[in-house]
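Colleague: Before we discuss this model, could you put the sequence and the structure up, so that we can go through them together?

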Protein chains: 2
Amino acid sequence: MISEKAVKPQIFAQLSRIGKAVANGNRLELLEFLAQSERSVESLAKVANITIANTSQHLQTLRQCGLVTARKDGQKVYYRLSDRRVVALLSIMRELAEDHLADLEKLISIYLTSRDGMDPVPAQELLRWAREGSVTVLDVRPVEEYSAGHLPGAVNIPLKELEANLSLLPPSQEIVAYCRGPYCVLAFEAVARLRAKGYRARRLEDGLPEWQLAGLPTERGVVA
Amino acid sequence: MISEKAVKPQIFAQLSRIGKAVANGNRLELLEFLAQSERSVESLAKVANITIANTSQHLQTLRQCGLVTARKDGQKVYYRLSDRRVVALLSIMRELAEDHLADLEKLISIYLTSRDGMDPVPAQELLRWAREGSVTVLDVRPVEEYSAGHLPGAVNIPLKELEANLSLLPPSQEIVAYCRGPYCVLAFEAVARLRAKGYRARRLEDGLPEWQLAGLPTERGVVA
DNA sequence: ATAATATTCAATTAAAACCTTGAATACACG
DNA sequence: CGTGTATTCAAGGTTTTAATTGAATATTAT
């Protein structure tokens, strides 16, 4: 039974559980990966570069407040976002942080050299061009993430295999590359390398999760 | 200078500062009040029922990550939300919490008895009716919050003075009451009391901050 | 000037969060 | 039926956060 008095603080305490869940950098990174696709504990630990036990604990924290769900298949446990709105939560946090935290801006300028030098394409614009077929959409994420969902008609060439698979890209057409999101370097790298090879390349402003959140169409499972 | 290696974790650490800011119930309550209007430290401490020193500290943590700004006037310091998107952040947190935290639902059912029994009016619907003049819009928040911004044409009768000012309300027309937001009891109380007096009363689904966030029109400073 | 008020600062204590380590569990495979 | 693998659990030490208290600062009013 819940104590009768002072219910209002208890309500805010419950709300703060969502806040606590996103109050840790490692958990945020895990959420960013989970926004791409379902993943096992081990695989998350590897990409986020934290120990397995620690990863497991963070995932449980996230699960206890309903931000992710778990599914067991064989000996592995697969986690996924419970709700598309989790991406919305992360997006707003990112917007607020970028506009109000000077330290973040500084970090971004280091990490994402010349963020605006790759003239980012807004989602709506890309959608229009893609429908006209006047642009090649390039997904540079790993295969597993691509097959869990990707932009309609996108060609998947993981960044590591970009140089070896240039033949899949029409040499004359403009290329728009995208990856996990605003803080993912894959698309930046891809654009830089493609330009060095003489391609006309730009990058999508956001990543796949934001595209989905905006209600724009995606495809699943098709391997190009 | 920032260490060259491992910039990605540092970016997420910065993002997590926003999370930490909303990871405490008292701070969330403060933000809810600030979403209504600018307020001084003392006034916030009083309504939130926490000590002044503690309130000041919480406000400083909020300011350090840019969620609120401060302005000094005379001997008082007035805080306000720095950004309308802070309301969006809180809204998403609330949605996620309500859908995924069973404990919260339980608390709400205690605190907001018969939440749906007052058939809440969606914002868009109220806007239409209000323009037709077929409904009386009632703001039951304190005067200061009302004058900082309110729904167009809304009559302000703070809950405490409701019984004494019933004459301001047309007896036959339907009344829609609103207050601070989904967890504010003022409108609930008002609807209950009005119904007891024979009025036809309902409540707005959300409060003023959510109304503003949706881009719907408001008025300022007019005292009805 | 002096006193009163509003806010912040600084120091302390208690509580919670974070990560590591090593063991335990649960399932699949040979 | 044992062995290997994936994950979780439990215990620990360290760091961070929260709230209290009392003093310090700054501004207004007398």
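Colleague: Which residues come nearest to DNA strand C?

Modeller: This is a predicted model, and 23 residues lie around DNA strand C. By class, that surface has six nonpolar, 12 polar and five charged residues. Of the 23, the ones that come nearest are A:His58, B:Glu42, B:Ser56, B:Gln60 and B:Tyr79.

Colleague: What share of the atoms of DNA strand C within 4 Å of the protein belongs to sugar or phosphate?

Modeller: Individual pairs can be listed before the total: a polar side-chain atom of B:Gln60 is 2.6 Å from a phosphate oxygen of the strand, and a polar backbone atom of B:Glu42 is 2.8 Å from a phosphate oxygen. A polar side-chain atom of A:Asn54 lies 3.5 Å from a sugar or linking oxygen. Elements giving two or more residues to this surface include helix 4 (52-64) of chain A and helix 3 (41-48) of chain B. For the atoms of DNA strand C within 4 Å of the protein, bases make up the rest, and the share of sugar or phosphate is 79%.

Colleague: How far apart are the end C-alpha atoms of helix 1 of chain B?

Modeller: Helix 1 of chain B covers residues 7-21, and at 1.5 Å a residue its 15 residues should span 21 Å. Its buried residues include B:Ile11, B:Phe12, B:Leu15 and B:Ile18. The separation of the end C-alpha atoms agrees with the expected span, at 22 Å.

Colleague: What area is buried between chain B and chain A?

Modeller: The contact takes 47 residues from chain B and 47 residues from chain A. Carbon and sulfur atoms give 76% of the buried area, which is about 4,700 Å².

Colleague: And which three residues supply 13% of the area that chain B buries against chain A?

Modeller: No other three residues of chain B supply more of that area. One of the three, B:Phe12, is also among the buried residues of helix 1 of chain B. The three are B:Phe12, B:Arg85 and B:Leu107.

Colleague: Is A:Asp83 buried or exposed?

Modeller: A:Asp83 lies in the loop between strand 3 (76-81) and helix 5 (85-100) of chain A, and its side chain makes a polar contact of 2.6 Å with the side chain of A:Arg85. Leaving out residues up to four places away in sequence, A:Asp83 touches B:Leu96 and B:His100. Its relative accessible area is 13%, and because buried means under 20%, A:Asp83 is buried.

Note on methods. Residues numbered from 1 in each chain as written. Chains lettered and ligands numbered in written order. Predicted model: local features only at pLDDT ≥ 70, side-chain atom pairs only at ≥ 80, totals over all residues. Heavy atoms only, no water. Helix = DSSP H or I, 4+ residues; strand = E, 2+ residues; numbered from the N terminus. Expected span 1.5 Å × (residues − 1). Buried < 20%, exposed > 50% of the residue type's maximum accessible area, 1.4 Å probe, protein only. Near = heavy atom within 4 Å. Polar contact = N/O pair within 3.5 Å; in protein donor to acceptor, adjacent residues only side chain to side chain. Nonpolar A, V, L, I, M, F, W, Y, C, P; charged D, E, K, R; others polar. Contact = heavy atoms within 4.5 Å. Buried area = accessible area lost by both parts, 1.4 Å probe.
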